[in-house]
Amino acid sequence: MKIDIITIFPEFFQPFLETSIIKRAIEQNLVTIDLHQLRDYAHQKHNKIDDTIYGGGVGMLMQFPPFYDALEKLRTKNTHVIMLTPQGKVYKQKKAIKLSQKKHIILICGHYEGIDARVDNFIDEEISIGDYVLTGGEIPAMILSDSIIRLIPGVIQQASSEEDSLQNGWLKYPQFTKPDSYQGFDVPEILKSGHHKNIENWRKRQSILKTYQKRPDLIKTIKMTDEEKQILDEIKSKTDK
Ligand SMILES: C[S@@+](CC[C@H](N)C(=O)[O-])C[C@H]1O[C@@H](n2cnc3c(N)ncnc32)[C@H](O)[C@@H]1O
């Protein structure tokens, strides 16, 4: 997978690219991330890439020609171009799974008032990371990159990402590590029993319970097995009393 990021602040990305799992994925050639300084495509003096807004209005808008030229250079027929914008569809794990199967992604980061709307003609998809407005698309681009890269086979253990919250719809069950007791707070006995089937059942029930308690909005989006439906009904009948 290759990710190209078009930004006026490439320096934002250095610690992200040089730390932990993302750094290792790059070193192992599981992903290539290239940063492209939009100012290298500037048409104005002093590498200026923004200007005032037609029709009036506060702030500056990023110009269309630098993006056009950058995309002309970077795009191939297999490229998926994403613009980070608060106007996009809100990002979800399901989208991360789909994007992790792409060969080449270009992420476009806006800044200031955003980007001249003519760029929309070259975008495959607009994505928002949530219903709030940030100063720039750099943090959203890191969020997308991180969530996509960790799903690329070989980056982390597949079993680990498959069990993650939201991956199959449910939130993940509670997890514990050593020590098994501290200041009167104990690890549930069942997890130390060595009885795999019982542990698996407990975890499944906990996943469903947590999702019902913390994110009931997710439940209607989950394709449940008969067993999961039955557990959910039991939980509802107990907790709704
Ligand atoms: C201040 S915002 C521009 C907002 C724009 N004037 C509007 O009202 O839609 C500047 C840039 O930050 C990025 N951005 C801000 N909030 C975002 C969000 N929730 N998701 C993704 N990108 C965001 C976008 O790249 C955007 O072009």
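Let me begin with a definition: a residue is buried if 20 or more other C-beta atoms lie within 10 Å of its own, exposed if 12 or fewer do, and partly exposed in between, with the C-beta atoms placed from the backbone. The structure before you is a predicted model, in which local features need a pLDDT of at least 70, side-chain atom pairs count only at pLDDT 80 or more, and totals for chains, interfaces and linings use all residues. Residues are numbered from 1 along each chain as its sequence is written.

I turn first to strand S6, residues 104–109. Helices (H or I, at least four residues) and strands (E, at least two) are DSSP runs, numbered from the N terminus. Is S6 largely enclosed or in the open? Five of its six residues are buried, so S6 is largely enclosed by the rest of the structure.

Now to its partners. Two strands pair if DSSP finds at least two bridges between them. S6 runs parallel to strand S5, residues 79–90, and six bridges join the two. Along this pairing, Val-81 stands opposite Ile-106, and Leu-84 stands opposite Cys-109. S6 also pairs in the parallel sense with strand S1, residues 2–7, over five bridges; there, Ile-5 has Leu-107 as its bridge partner.

S5 has a further parallel partner in strand S7, residues 125–128, to which five bridges join it. In that pairing, Lys-89 is matched with Ile-127.

Next, the ligand. Which element gives the most to the shell around it? That is S5, with four residues. Of the 20 residues around the ligand, those that come nearest are Leu-84, Gly-110, Gly-114, Gly-137 and Pro-140; a residue counts as near if its C-beta atom, placed from the backbone, lies within 6 Å of the molecule or strand in question. Leu-84 thus appears both here and opposite Cys-109 in S6.

Let us move to the wider layout. The chain is divided into domain 1 (2–158) and domain 2 (181–239), with bounds that come from an automatic or database domain assignment. The C-alpha centres of the two domains lie 38 Å apart.

Asp-164 is placed in the loop between helix H6 (158–162) and strand S8 (181–182). Why is Asp-164 classed as partly exposed? Because 14 other C-beta atoms lie within 10 Å.

Finally, helix H9 covers residues 226–239. The number of buried residues among its 14 is zero, so H9 lies largely in the open.

Definitions and conventions
Expected span 1.5 Å × (residues − 1).
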